[in-house]
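Subject: Structure handover

Hi,

Here is the structure I promised to pass on to you. Have a look at it first, and then read on for what turned up when I went through it.

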Amino acid sequence: MAADAKQQQAAVAPSAAWMTVKPFVNGGASGMLATCVIQPIDMVKVRPCTLLLSLALAGQYDAASLGLAWESVPFTRDCQLVCLGKPRTRPLVLDPSALEANEGKPLPLVQKAFIGLTAGAIGASVGSPSDLALIRMQADSTLPAAQRRNYKNVFHALYRIVTDEGVLALWKGAGPTVVRAMSLNMGMLASYDQSVELFRDKFGAGELSTVLGASAVSGFFASACSLPFDYVKTQIQKMQPDANGKYPYTGSLDCVMKTLKSGGPFKLYAGFPVYCVRIAPHVMLTWIFLNQIQKFEKDMGL
């Protein structure tokens, strides 16, 4: 009897391979689901002045495949480093192994921030080509007809970049992309886990209130920490050479210095309300989807 029970338990227990890839699958799926909802707002962020009635629904989703490609890479990496615990009894906290390494105590905010920085750097390094294609496709309609690249989809964009500019061009602007992802993840992941502890342990909030409250806090800090770096990254990735073949910026530092000289430090936060409207809901939806995915997997014995 005991042997049969053990065999049945082993049969239904998740495999070691699944447990290894599970954080990647969960993180990637939640990020992509959030992107499907947020993609139209992201188009507003990139071209707010040309939207109006001329932006049809089909046009809004021209770059959806790129958004999905971008989200599937870095957030999957994020959730391997900051995967989440038991969804019903401990909603959305750091993986138990991280707590065990800290003698069962909650990690200090500095360590959580470091985890977020590391996750962002690794994920953005892998996902930078998709992000480059996303920026170019979204900005294409704002350019004169003669300067448009006319990418058809993510695969065509990546193919054209390699063909026209070389393989290394896929990582053009990778430096700002990595820095931006590090700052966003630091604000997103550290503030979320810290807020979970605050809402759950200090305020005694229920699971739903904890998830919604911590997600909102996480979204705000992700936006506030990353906007200056997002501005620089976007300027670098979408810049075009002039008639003499000269680019407006020689690099990220040059972009920062010229921006500060022309508009002061607040120019780096230009469009913060629109940026926050795009980033904060995406972060909130990502956490909510992730929570629901984990609940479903628990119910299914996965």
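Threonine 210 sits in helix α10, which covers residues 207–238. Please keep in mind that this is a predicted model. With a relative accessibility of 1%, threonine 210 counts as buried, because the limit for that class is under 20%. Its side chain comes to 2.7 Å from the backbone oxygen of glycine 206. Leaving aside residues up to four places away in sequence, threonine 210 is in contact with Val196, Phe199, Arg200 and Ala205.

Now for the overall picture. The protein contains 12 helices and zero strands, so read from the N terminus the elements go α-α-α-α-α-α-α-α-α-α-α-α. There are 302 residues, and 45% of them are buried. Among contacts with a separation of 6 or more, 76% are between residues 24 or more positions apart. The accessible surface comes to about 15,200 Å², with carbon and sulfur atoms supplying 67% of it.

Next, the interior. The largest nonpolar core has 15 residues, and the members that touch the most others are Leu184, Met188, Tyr192, Ala222, Ile279, Val283 and Trp287. Two or more residues of this core come from each of α9, α10 and α12 (272–299). Alanine 222 is a good residue to click on here: not counting residues up to four places away in sequence, alanine 222 touches Leu184, Gly187, Met188, Ile279 and Val283. Another core lies apart from this one; it has eight residues, including Leu132, Ala133, Ala157 and Leu170.

The charged side chains may interest you as well. Side chains of opposite charge can pair when their charged atoms come close. The count of salt bridges comes to eight. One of them joins glutamate 165 and arginine 136, with N and O 2.7 Å apart. Glutamate 165 belongs to helix α8 and arginine 136 to helix α7 (residues 109–140), so this pair ties together parts that are 29 residues apart in sequence. How exposed or buried are the two partners? Glutamate 165 is partly exposed, at 34% relative accessibility, whereas arginine 136 is buried, at 2%.

Glutamate 165 has a further partner: lysine 172 forms a salt bridge with it, and the closest N and O atoms are 3.1 Å apart. Lysine 172 is partly exposed, with a relative accessibility of 25%. Arg136, Glu165 and Lys172 are thus linked in a network of salt bridges.

Helix α8 also holds a salt bridge between arginine 160 and aspartate 164, at 3.0 Å from N to O. These two are four residues apart in the helix, so about one helical turn separates them. Arginine 160 is partly exposed, its relative accessible area being 24%.

Finally, a word on the surface. Which residues form a nonpolar patch there? They are Val162, Val167 and Trp171, and together they have about 250 Å² of accessible area. Of these, valine 167 is found in the loop between α8 (154–165) and α9 (174–202).

Happy browsing, and do write back if anything here is unclear.

Best wishes

Conventions
Residues numbered from 1 in each chain as written. Predicted model: local features only at pLDDT ≥ 70, side-chain atom pairs only at ≥ 80, totals over all residues. Heavy atoms only, no water. Patch = residues over 30% accessible without salt bridge, like charges linked within 9 Å, V, L, I, M, F, W, Y side chains within 5 Å. Areas by Shrake-Rupley, 256 points an atom, 1.4 Å probe, with all protein chains shown as cover. Salt bridge = Lys/Arg side-chain N within 4 Å of Asp/Glu carboxyl O. Buried < 20%, exposed > 50% of the residue type's maximum accessible area, 1.4 Å probe, protein only. Polar contact = N/O pair within 3.5 Å; in protein donor to acceptor, adjacent residues only side chain to side chain. Contact = heavy atoms within 4.5 Å. Core = buried A, V, L, I, M, F, W, Y, C linked by side-chain atoms within 4.5 Å.
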